[in-house]
Amino acid sequence: MRSPVVLGIESSCDETGAGLVRDGELLGHAVASSMDEHARFGGVVPEIAARAHVHAAAPVVRAALADAGLSMGDIDAVAVTTGPGLSGALQVGVAAAKGFAYALGVPLYGVHHLAGHVAVDTLEHGPLPDPCMVLIVSGGHTSLLLVRDLARDPIVHLGDTLDDAAGECFDKVARVFGLPYPGGPAVDRAAREGDPRAVPFPRPLTGPRDDRYAFSFSGLKTAAARWAEQHRAAGRPLPVADGAASLQEAVADVLTRKAVAACVEHGVGTLVVVGGVAANSRVRELARSRCAAAGIELRVPPMRLCTDNGAMVAAVGDLLVRAGAEPAPLDVSIDPSAPLEYAALHPRARVRAA
Ligand code: KG4
Ligand code: ZN
């Protein structure tokens with residue numbers, strides 16, 4: 001008998017994603033984004049995102065099936081992001097997933113969005129070693145995690161951000177610098193022409209008495225905003241490229257320094273860097289050189305799978321199906337602020353199917 005094909009649906013923010021995974025292999029996926037509709041507001045507008053998901057859900061699933069050369073009848077299970085995320089946006093994806101699961105008569109799994117960011121790496125680089133260190137850096141989260149069996153074991157948080165996430169810092173500072181939304185990619189582009197040593201931005205929580213694995217980015221954001229204000233108040237043009245390069249250097253330095261230290265101190269040989277900010281060129285480069293120097297294997301998903309997509313949700317669903325996890329009841333609900341404890345968000349998944 002062939003392995004089950006899992007459809008994954010993602011709708012926690014402004015991307016509607018559908019992906020199809022079988023046995024750790026990505027068969028096809030498609031993403032629609034409402035990013036352009038939010039650009040003039042400088043951030044995601046929840047109502048606009050939710051409405052865009054309603055329009056995109058069915059076409060995106062059809063596009064993913066076409067990409068995989070499959071049809072509806074080939075789907076054996078459905079996985080969906082049930083949290084965390086924008087509640088209206090999550091509701092649309094969960095309603096769509098329930099509709100597909102019920103209509104096709106296949107099991108449904110509720111998945112934690114951040115576990116999806118972790119699992120997506122398996123589609124490119126194969127199963128995750130047990131244990132591995134994971135640095136999650138997205139628009140809303142920054143965490144250093146010790147991961148064992150993603151489908152079965154609880155996820156251990158070594159450290160989290162005390163305030164802003166790394167992506168949030170990029171997005172907010174970009175706005176102050178007059179760069180377009182979304183800020184992260186704009187800072188990355190602007191930084192190419194700049195000097196990363198031009199502005200001595202702080203490296204938060206890297207002192208000898210600081211929590212070794214916790215992060216903080218709001219002070220760095222304020223320092224960058226103050227630097228921009230000082231230039232404007234003095235009537236000088238803002239050297240945006242230098243500011244962007246220096247900000248990016250500070251973020252990449254803190255993230256990779258702590259992640260590599262965590263690997264060394266816990267005797268873990270593999271670091272996995274995931275989430276939207278893992279698309280940042282300096283974060284990737286510095287992680288590569290520091291891991292190489294410390295003899296640590298580095299895994300970073302390809303750029304197209306770093307930002308939100310459906311393949312990441314299907315990847316978790318595929319792991320849960322293969323681990324024999326119990327599916328979610330059809331009345332499973334969303335959890336917009338779900339903490340990352342297990343990859344599956346419905347507690348029943350922790351009971352192994354007979
Ligand atoms: O993981 P993601 O797509 O969505 C969330 O789950 O939050 O991450 C989005 C975040 C945004 O803050 C965006 O600015 C940031 O990832 N990002 C980047 C880059 N590409 C996306 N940040 C820095 N450099 C990039 N190249
Ligand atoms: Zn995400």
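**Exercise 1. Decide whether His113 is buried or exposed, and then work out which part it plays at the zinc ion.**

Step 1. In this predicted model, the relative accessibility of His113 is 8%, and because buried means under 20% relative accessible area, His113 counts as buried.

Step 2. The same cut-off can be applied to His117, whose relative accessible area of 2% makes it buried.

Step 3. Both histidines turn up again at the metal, since the zinc ion (ligand 2) is coordinated by NE2 of His113, NE2 of His117 and OD of Asp308, at 2.0 to 2.1 Å.

Step 4. Along the sequence, the spacing of these donor residues is written H-x3-H-x190-D.

Step 5. The part H-x3-H of that pattern can be placed on the fold, for His113 and His117 both belong to helix H4 (residues 113-125), where they are four residues apart, about one turn of the helix.

**Exercise 2. Describe the surroundings of ligand 1, and find which residues are closest to it.**

Step 1. Ligand 1 is surrounded by 18 residues, of which the closest are Gly139, Asp171, Asp188, Gly276 and Asn280.

Step 2. Polar atoms can then be examined one residue at a time: an oxygen atom of ligand 1 lies 2.8 Å from a backbone N or O atom of Gly139, and an oxygen atom of ligand 1 lies 2.6 Å from a polar side-chain atom of Asp171.

Step 3. With Asp188 the ligand atom is a nitrogen, which lies 2.9 Å from a polar side-chain atom of that residue.

Step 4. On its own, ligand 1 has 550 Å² of accessible area, and the protein covers 87% of this.

Step 5. The site of ligand 1 is the largest pocket, and the shell around the ligand receives at least two residues from each of H4, helix H5 (166-176) and helix H6 (183-191).

**Exercise 3. Compare the settings of four residues, asking of each where it lies and whether it is buried or exposed: Ser138, Ser11, Ala119 and Ser333.**

Step 1. Ser138 belongs to the loop between strand E6 (132-137) and strand E7 (142-147), and its relative accessible area of 8% makes it buried. A polar atom of its side chain lies 3.3 Å from the backbone nitrogen of Gly140.

Step 2. Ser11 is in the loop between strand E1 (6-10) and E2, and with a relative accessible area of 1% Ser11 is buried. Here a polar atom of the Ser11 side chain lies 3.2 Å from the backbone nitrogen of Gly93.

Step 3. Ala119 is located in helix H4 and is buried, its relative accessible area being 0%. Although Ala119 and Leu150 are 31 residues apart along the chain, their C-alpha atoms are separated by 7.8 Å.

Step 4. Ser333 is placed in the segment after helix H11 (311-322), and because exposed means over 50% relative accessible area, the 53% of Ser333 counts as exposed. The C-alpha atoms of Ser333 and Gln91 are separated by 8.1 Å, while the two residues are 242 residues apart along the chain.

**Exercise 4. Locate the cis peptide bonds between Asp130 and Pro131 and between Tyr181 and Pro182, and say which residues have a positive phi without being glycine.**

Step 1. A general expectation comes first: most peptide bonds are trans, and most residues other than glycine have a negative phi.

Step 2. Against this background, the bond that joins Asp130 and Pro131 is cis, with omega at about 5°, and Pro131 is in the loop between H4 and E6.

Step 3. Another cis peptide bond runs from Tyr181 to Pro182, where omega is near -5°, and Pro182 is part of the loop between H5 and H6.

Step 4. Turning to phi, Asp23 has a positive value near 55° although this residue is not glycine. Asp23 is in the loop between strand E2 (15-22) and strand E3 (25-33), and at 42% relative accessibility Asp23 counts as partly exposed.

Step 5. Leu205, which is not a glycine either, has a positive phi of about 60°, and its place is the loop between H6 and helix H7 (218-233).

How values were computed
Residues numbered from 1 in each chain as written. Chains lettered and ligands numbered in written order. Predicted model: local features only at pLDDT ≥ 70, side-chain atom pairs only at ≥ 80, totals over all residues. Heavy atoms only, no water. Donors = N, O, S within 2.8 Å, 3.2 Å for Na, K, Ca; no water. Buried < 20%, exposed > 50% of the residue type's maximum accessible area, 1.4 Å probe, protein only. Near = heavy atom within 4 Å. Polar contact = N/O pair within 3.5 Å; in protein donor to acceptor, adjacent residues only side chain to side chain. Areas by Shrake-Rupley, 256 points an atom, 1.4 Å probe, with all protein chains shown as cover. 1 Å grid on protein atoms, 1.4 Å probe; cavity = no way out; pocket = protein on both sides within 12 Å on 5 of 7 lines; lining within 4 Å. Sits in = over half its atoms within 2 Å of the grid points.
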